[in-house]
Amino acid sequence: MCPEPFDELRTAPFDELRMRAESVEGHALRQARRASLSDDAESRSGSATSLLRTIVGCYLRQCGGWIAVSALTELMATVGVSQTRTRTAILRVRGKGLLAAEVRDGSAGYALGPTAIAALERGDRRIYTARQMDPSDRWCLISYSIPESQRQLRHQLRRRLAGIGCGTVSAALWICPEYLAAEVEEILSDLGVRTSAAIFLADETRADGGLERAVGQWWDLPAIAARHQSFLSAYGSVAASDLTPRQAFATWIGCVDAWRVIPYADPGLPAAWLPADWPGNLTVRLFADLREQLEQLSGRYVHQVTRRS
C-alpha cells in the first residue's frame with residue numbers, strides 16, 4: 001500500500017525536508033529570473049506587439065499623441081509586420097491602455113491612453129540614460145513576508161523585482177543598487193504589499209569570497225551577458241551612413257526594440273565585481289552611437305509617412 005503524501009512528509013528526516021524546501025525555493029527563483037529576462041511570447045523583442053510598443057514609444061508623442069491607422073500600418077509594414085499581425089498587436093496594446101481609438105478630422109486613428117505618457121517617460125529614462133553603480137554607492141535590500149495562501153502575489157512580486165534588475169540573495173531577500181529604490185517602492189505599492197515588506201539602504205555589504213563572487217550568485221550574469229552579446233552581434237556592424245530614411249527607421253526601431261530590455265535586466269553593477277570580459281560598456285556605447293546616427297534620419301521617414309495620411 002502506497003503511503004499518503006503527508007505520511008511521507010511526517011516521517012522524512014528534517015534535513016531531507018529542508019533540502020526539498022530549498023529545491024522548491026530555488027526553482028521559484030529561477031522561474032522569476034527567466035520570466036523577467038524573457039517577456040511573454042506576445043511581447044518579446046522582435047514580436048509584433050513589441051515592435052508596435054517601440055514605434056509608439058519612439059514617435060507617437062512627436063506626432064502630437066495621435067496617428068492615423070493607415071500611417072501606423074505603413075510604419076509597421078516597414079519593420080516587417082503584416083496588417084493582420086498589426087491589428088492583433090493593436091488590440092493587445094489597447095488592452096494594456098497604451099493606445100485608444102480616436103477619430104480626428106474624419107480619419108480613424110489611435111491616441112495615447114491616459115496613463116501612457118507617464119509610462120513612456122519612465123521607459124525613456126531607463127532606455128536612454130545609462131546608469132552605473134559606483135563601488136561606494138549604497139545598496140537597497142528588500143525583505144518581505146507573503147504567506148503561502150498568496151503564492152501568486154509572491155510570484156508577481158519576484159517577477160517584477162527581477163524585471164527591474166534586482167538580484168536574489170534568498171527567496172525573500174532581494175538586492176539592487178540604491179538608485180532603483182524608487183522603482184522598488186512603486187512595485188510594492190502597486191501590488192499592495194508595502195506593509196509586508198521592508199527596505200534597507202546599506203553602505204556596506206559583506207559576503208563570503210567578496211562581492212565579485214556574491215554578485216555572480218545574486219544575478220544570472222551569463223544570461224545578462226548573452227543579451228549584450230546578442231545586441232553586439234546584431235547591430236555592431238551597421239553602416240548608418242549608407243541608409244535611406246526608410247532603412248534608418250527599420251534599423252533604429254529594431255535597434256531600440258532589441259536594446260530596451262537590456263537596461264531592465266542589467267542593474268549596472270561596478271566593473272570591479274563583473275567578469276573581465278563583461279560586454280556592458282561596449283553595448284552602451286554602441287547604442288549611443290546608433291542613436292546619434294539613426295534617430296533623426298528615422299524621424300524624417302515617420303514625418304513623411306504621417307504627412308501623407
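Helices (H or I, at least four residues) and strands (E, at least two) are DSSP runs, numbered from the N terminus. The exercises below apply these terms to a predicted model.

**Exercise 1. Overall composition**

Task: State how many helices and strands the protein chain has, and what percentage of its residues count as buried.

Solution:
- Step 1. The secondary structure of the chain comes to 13 helices and 7 strands.
- Step 2. The chain has 309 residues, and 43% of them count as buried.
- Step 3. For contacts between residues at least 6 apart in sequence, 77% join residues at least 24 apart.

**Exercise 2. Pairing around strand 4 and strand 6**

Task: Determine which strands are joined to strand 4 by bridges, and how many bridges pair strand 5 with strand 6.

Solution:
- Step 1. Strand 4 covers residues 139-144, and 5 of its 6 residues are buried.
- Step 2. Strand 6 (residues 173-177) runs antiparallel to strand 4, with 5 bridges between them. C140 stands opposite C176 of strand 6, and S143 has L173 as its bridge partner in strand 6.
- Step 3. Strand 7 also runs antiparallel to strand 4, here with 6 bridges. In this pairing L141 stands opposite F200.
- Step 4. Strand 6 is itself mostly covered, with 4 of its 5 residues buried.
- Step 5. Strand 5 (residues 167-170) pairs with strand 6 over 3 bridges in the antiparallel sense. T168 has W174 of strand 6 as its bridge partner, and a hairpin with 2 residues connects strand 5 to strand 6.
- Result. Strand 4 is joined to strand 6 and to strand 7, while strand 5 and strand 6 share 3 bridges.

**Exercise 3. The environment of T205**

Task: Decide whether T205 is buried or exposed, and find which side chain makes a polar contact with its side chain.

Solution:
- Step 1. T205 is located in the loop between strand 7 (197-202) and helix 9 (211-218).
- Step 2. Buried means under 20% relative accessible area. T205 has 19% relative accessibility, so T205 counts as buried.
- Step 3. The side chains of T205 and W139 form a polar contact at 3.3 Å.
- Step 4. With neighbours within four places in sequence left aside, T205 is in contact with W139, L211 and W218.

**Exercise 4. The environment of C58**

Task: Classify C58 as buried or exposed, and say which residues C58 is in contact with, leaving aside its neighbours within four places in sequence.

Solution:
- Step 1. C58 is part of helix 3.
- Step 2. The relative accessibility of C58 is 12%, and therefore C58 counts as buried.
- Step 3. Outside the four-place window in sequence, C58 is in contact with Y128, W252, I253 and V256.
- Step 4. C58 and L120 are 62 residues apart along the chain, and their C-alpha atoms are separated by 8.9 Å.

**Exercise 5. The second largest cavity**

Task: Which helix gives the most residues to the lining of the second largest cavity, and how does that lining divide into nonpolar, polar and charged residues?

Solution:
- Step 1. The structure holds 2 cavities of 30 Å³ or more. The volume of the second largest cavity is about 40 Å³.
- Step 2. The lining consists of I55, V56, Y59, L60, I67, L72, L75 and V302.
- Step 3. At least two lining residues come from each of helix 3 (48-60) and helix 4. Helix 3 gives the most, with 4 residues.
- Step 4. The lining divides into 8 nonpolar residues, no polar and no charged.
- Step 5. Helix 4 spans residues 69-78, and its buried residues are A71, L72, T73, L75, M76 and T78. G80, which follows helix 4, has a positive phi near 90 degrees.

**Exercise 6. The second largest pocket**

Task: Find which residues lie nearest the centre of the second largest pocket and which helix gives the most to its lining.

Solution:
- Step 1. The second largest pocket holds about 510 Å³ of space.
- Step 2. Its lining has 29 residues, and A130, R131, Q132, W259 and V284 lie nearest the centre.
- Step 3. Helix 6 (116-128), helix 12 (262-265) and helix 13 (280-308) are the elements that give two or more residues to this lining.
- Step 4. Helix 13 gives the most, with 6 residues.
- Step 5. By residue type, the lining of this pocket divides into 19 nonpolar, 6 polar and 4 charged.

Methods:
Residues are numbered from 1 along each chain as its sequence is written. This is a predicted model: local features need pLDDT of at least 70, side-chain atom pairs count only at pLDDT 80 or more; totals for chains, interfaces and linings use all residues. Side-chain values use heavy atoms; hydrogens and water are left out. On a 1 Å grid over the protein atoms alone, a cavity is a set of points where a 1.4 Å probe fits but cannot get out, and a pocket is an open set with protein on both sides within 12 Å along at least five of seven lines; lining residues have an atom within 4 Å of a point. Grid points are joined across faces, edges and corners, and a volume is the space filled by probe spheres set on the points. Ala, Val, Leu, Ile, Met, Phe, Trp, Tyr, Cys and Pro count as nonpolar, Asp, Glu, Lys and Arg as charged, and the others, Gly among them, as polar. Buried means under 20% relative accessible area, exposed over 50%, partly exposed in between (1.4 Å probe, protein chains only). A polar contact is a pair of N or O atoms within 3.5 Å; within protein, one must be able to donate a hydrogen and the other to accept it, and residues adjacent in sequence count only if both atoms are side-chain atoms. Contact means heavy atoms within 4.5 Å. Two strands pair if DSSP finds at least two bridges between them.
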